[in-house]
Amino acid sequence: ALEDKSRVLERASIIDPLTGLHNRRFLAEQIEATLVASLRRAQTAPRPQGRDTDTLFFLIDVDRFKRINDDLGHAAGDTVLVQLGLRLQAAMRESDYVVRWGGEEFLAVARDTDRARGDELAERIRAAVADQPFRLDDGQPLAVTCSIGHAAWPFVTTEPLAIDWQGVINLADVGLRTAKRAGRDCWVGVHATESTNPVDLPARTTAAPHLAVLRGDITVSSSRPEDLLAEALAPG
């Protein structure tokens, strides 16, 4: 009985009680081993093209979630979060991680995936949220969209340990904030270039993403047109 109770408590500690998704603690306990295994496969069987040993991080935030809570009540907001978790799980593979990161923010982690598929997967997630209305408890339909930022680990393939997974999430967050400024209901990917200097890159990019682009430290992709993206990256 004590062992059963211990297992229940252990599971509760890594599960978000509202959505049933994993939480930050789960990711912190699992991600290091996941990345080490992926890096080992990349080093033992390197493939210049089509490498399926990258780990892609997608930060997903519900657009205008406060308005949902304010206008329809917190129960409606909770319903949206639960349904969003189900849609994210359906959009990802069973072997991937979907984590409630906090509040209305989620993190999806695509394991052993070619980084070249990052934009494609980001669009799949965006469409999974926006293409069909959510249903509230009373049956009322509700249009919901999300904004997404994504980045891959290792961020710099020639220096895989130069930026840890937390740093990559910080870079994905730069993409998320840029997507919000670009009008929401879109995604922005943050990628390394041939001239990327990884030293303190997450902090430098967070402080001034437009300068990181101008320096050639990062490049960005987006579902938004280039002019809107440039405006969203601009300071101020």
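**View 1. D54 and the residues around it in this predicted model.** Leaving aside neighbours within four places in sequence, D54 touches A110, R111, D112, T113, D114 and R115, along with W153 and P154. A polar atom of the D54 side chain sits 3.0 Å from the backbone nitrogen of R115. D54 belongs to strand β1, which covers residues 54-62. With a relative accessible area of 0%, D54 is buried. Over in β3, T113 is the bridge partner of D54.

**View 2. Strand β1 and its two faces.** From β1, D54, L56, F58, I60 and V62 point one way. T55, F57, L59 and D61 point the other way, and all of these residues are buried. Since nine of the nine residues of β1 are buried, the strand is largely enclosed by the rest of the structure. Seven bridges pair β1 with β3 in the antiparallel sense. β1 and β6 also run antiparallel, joined by eight bridges. One spot to look for on the β6 side is T55, whose bridge partner there is W153.

**View 3. The open sheet, strand by strand.** Pulling back a bit, we get six strands in the order β2-β3-β1-β6-β7-β8, with mixed pairing. Which strands stand at the edges? They are β2 (97-102) and β8 (218-222); each has a single partner strand, so one side of each is left without a neighbour in the sheet. On average, neighbouring strands here are turned by 20° against each other, direction ignored. The parallel part of the mix includes β6 (residues 146-153) and β7 (residues 187-192), which are joined by three bridges. Within that pair, I148 stands opposite W187 in β7.

**View 4. Helix α2 lying across the strands.** Helix α2 takes in residues 24-44 and lies across β1, β2, β3 (105-113) and β6. Against β2, this helix runs at about 140°.

**View 5. Helix α4 and its buried residues.** Helix α4 spans residues 74-91, 18 residues in all. From its first C-alpha to its last, α4 reaches 26 Å, close to the 26 Å expected at 1.5 Å a residue. Which residues of α4 are buried? The list runs A76, G77, T79, V80, L81, Q83, L84, G85, R87, L88 and A91. As background for reading that pattern, an α-helix has 3.6 residues a turn, so residues three or four places apart point the same way.

**View 6. Two cysteines, C146 and C186, with no bond between them.** How many disulfides does the structure hold? Zero. C146 is in no disulfide, and the nearest cysteine sulfur, in C186, is 9.3 Å away. Seen from the other end, the closest cysteine sulfur to that of C186 is in C146, and 9.3 Å is too far for a bond. C146 counts as buried, at 1% relative accessibility. C186 is buried as well, with a relative accessible area of 0%.

**View 7. H191 in strand β7 and what it touches.** Is H191, found in β7, buried or partly exposed? H191 is partly exposed, with a relative accessible area of 25%. Its side chain makes a polar contact of 2.7 Å with the side chain of S221. Setting aside neighbours within four places in sequence, the contacts of H191 are D119, H150, F155, D217, I218, T219, V220 and S221. For a sense of scale, H191 and A203 are 12 residues apart in sequence and 15 Å apart in space, C-alpha to C-alpha.

Terms used. Residues numbered from 1 in each chain as written. Predicted model: local features only at pLDDT ≥ 70, side-chain atom pairs only at ≥ 80, totals over all residues. Heavy atoms only, no water. Helix = DSSP H or I, 4+ residues; strand = E, 2+ residues; numbered from the N terminus. Buried < 20%, exposed > 50% of the residue type's maximum accessible area, 1.4 Å probe, protein only. Polar contact = N/O pair within 3.5 Å; in protein donor to acceptor, adjacent residues only side chain to side chain. Contact = heavy atoms within 4.5 Å. Expected span 1.5 Å × (residues − 1). Pairing = 2+ DSSP bridges. Axes fitted to C-alpha atoms, helices over the stretch in contact; angles between N-to-C directions. Disulfide = S-S within 2.5 Å.
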